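Student: I have a new model open and would like to learn how its labels are earned. Could we go through it together?
Tutor: Gladly, let's have a look.

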Amino acid sequence: VSVKLEVYNNKWYFLSFPFDLRVSDIRTSNNALFAIRKYDGAARAQNGTGGSWKTMTTDSILKAGIGYIVNANANTTLIFPATSETRNQLFNHEEKSLPLEAYTTTVTANKNWNFIGNAYPSYFDSRYLDFTAPITVWNLSNNTYTAISLTDDKYALKPFEGFFVQKPEDLSQMTYLKGGRQLSSVLSATGPAGAPHRVAPSTHRTLINLSVTHNQISDFTRIVFNPAAATSYDMECDASKFFSSETLVPQLFTTDADGNRYAINERPELQGWVKMGIKAGTEGNYTIRKEENTSPTLLQLLLEDTYTSVTTDLLNGNYTFHSDAGSFDDRFVVRITTVVTSTEQAGDIEIVKASKGKIILYAVAGTTFEIYTLNGMQVQSLTVGSNATEITVPAGIYIVRGEAKTYKTVVF
């Protein structure tokens, strides 16, 4: 029993096997040289994102269910023979569970990272993973990582595909429901009837999917505004940004006050804005656009370039800008205004948001707002029109009194 994989030279492949195998037994079709590495979750917890790979030697045994990356120095066919003791595991078609390790640290975004893989030698529908936290896969086409939400996305895991996952505190394993096995990557419109640990998406969540493109190479990030979300990093729904080692691949991410970088960032809806950064491998022009699977309940999706002071509503068009090479965590601010839903009365809707140096007000035309400093000094009294109204103010904490209620907002 063996697996054969055709690979291109100098490309990393993220793999996991349903059986054990010895590195010394691995062969190539043309005597090409190859390297195999294992992710070190303990090093990630101790040192952060750097230095988290361990090289496997000829004496190493690759364990079933664990993820590994493989690279060859020439186009070749890699041959992975199973050990005689574990080869029959390839034919196990029952429900499977893979154990997950805990790696403790005070930085939540760095704890409990595991690199595992598809437990079956077939395609697998991610909606049949009895799990909560997002997973992160390697996008071989774009040479970058993609975070997959098990709440919002459906994804077909490839046979023998490895992926990263952050173990929640209350789970010690990832369970694969056998109904998720697929003959192809084509997925049905609906998922399983129920997996106990999966979280059903809330109707109050607003999904924003953005991409950045440079020289036809793209990267993606997701922002989710959710009134029930935590302000800090939450392993159940947030996904830490994994950065590609390919310097020419642009990278898009959001940040928070603790210095975390997110691929998926679920934030409280009351805040209404989030900082977004870019990592550019080379100087040039880049384009940010809204993806089609963004929530349709947005009235405005404003992208503010803090370096050029240009604000673009991404609902009406893309934003192209010039960037030097480097990483710029504070380049952008994304802020939203949502529309009134069919279950809400327009006269009762008031939205008060904050951005860099601004308070944004939205309500039915004719609504009056009064803005005060924290010590009670009135800044302005105004009546809004039918569009979002922006008020320029210094950074600080403000009290905004509307006709429906009084709000407290922080301008940075």
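Student: What makes the radius of gyration of the protein chain agree with a compact globule?
Tutor: Keep in mind that this is a predicted model. With 412 residues, a compact globule would have a radius near 22 Å, and the protein chain has 24 Å, so the two agree. Along the principal axes, the C-alpha atoms fill a box of roughly 80 × 50 × 40 Å.

Student: Which helices and strands does the protein chain have?
Tutor: There are 1 helix and 37 strands. Of the contacts with a separation of 6 or more, 72% join residues 24 or more positions apart.

Student: Why is Asn143 called buried?
Tutor: Buried means under 20% relative accessible area. Asn143 has 18%, so Asn143 counts as buried. Across the protein chain, 52% of the 412 residues count as buried.

Student: Where does Asn143 lie?
Tutor: In the loop between strand 14 (135–139) and strand 15 (144–148). Its phi is near 55°, a positive value in a residue other than glycine. Most residues other than glycine have a negative phi.

Student: Gln216 has a positive phi too, near 65°. Why is Gln216 called exposed or buried?
Tutor: Exposed means over 50% relative accessible area. Gln216 has 77%, so Gln216 counts as exposed. This residue lies in the loop between strand 20 (206–214) and strand 21 (217–225).

Student: How many charged side chains are there?
Tutor: The protein chain has 36 positive and 40 negative side chains, and the centres of the two sets lie 5 Å apart.

Key: Residues numbered from 1 in each chain as written. Predicted model: local features only at pLDDT ≥ 70, side-chain atom pairs only at ≥ 80, totals over all residues. Heavy atoms only, no water. Helix = DSSP H or I, 4+ residues; strand = E, 2+ residues; numbered from the N terminus. Rg over C-alpha atoms; globule rule 2.2 N^0.38 Å. Buried < 20%, exposed > 50% of the residue type's maximum accessible area, 1.4 Å probe, protein only. Contact = heavy atoms within 4.5 Å. Lys, Arg positive; Asp, Glu negative; His and termini not counted. Charge placed at Lys NZ, Arg CZ, Asp CG, Glu CD.
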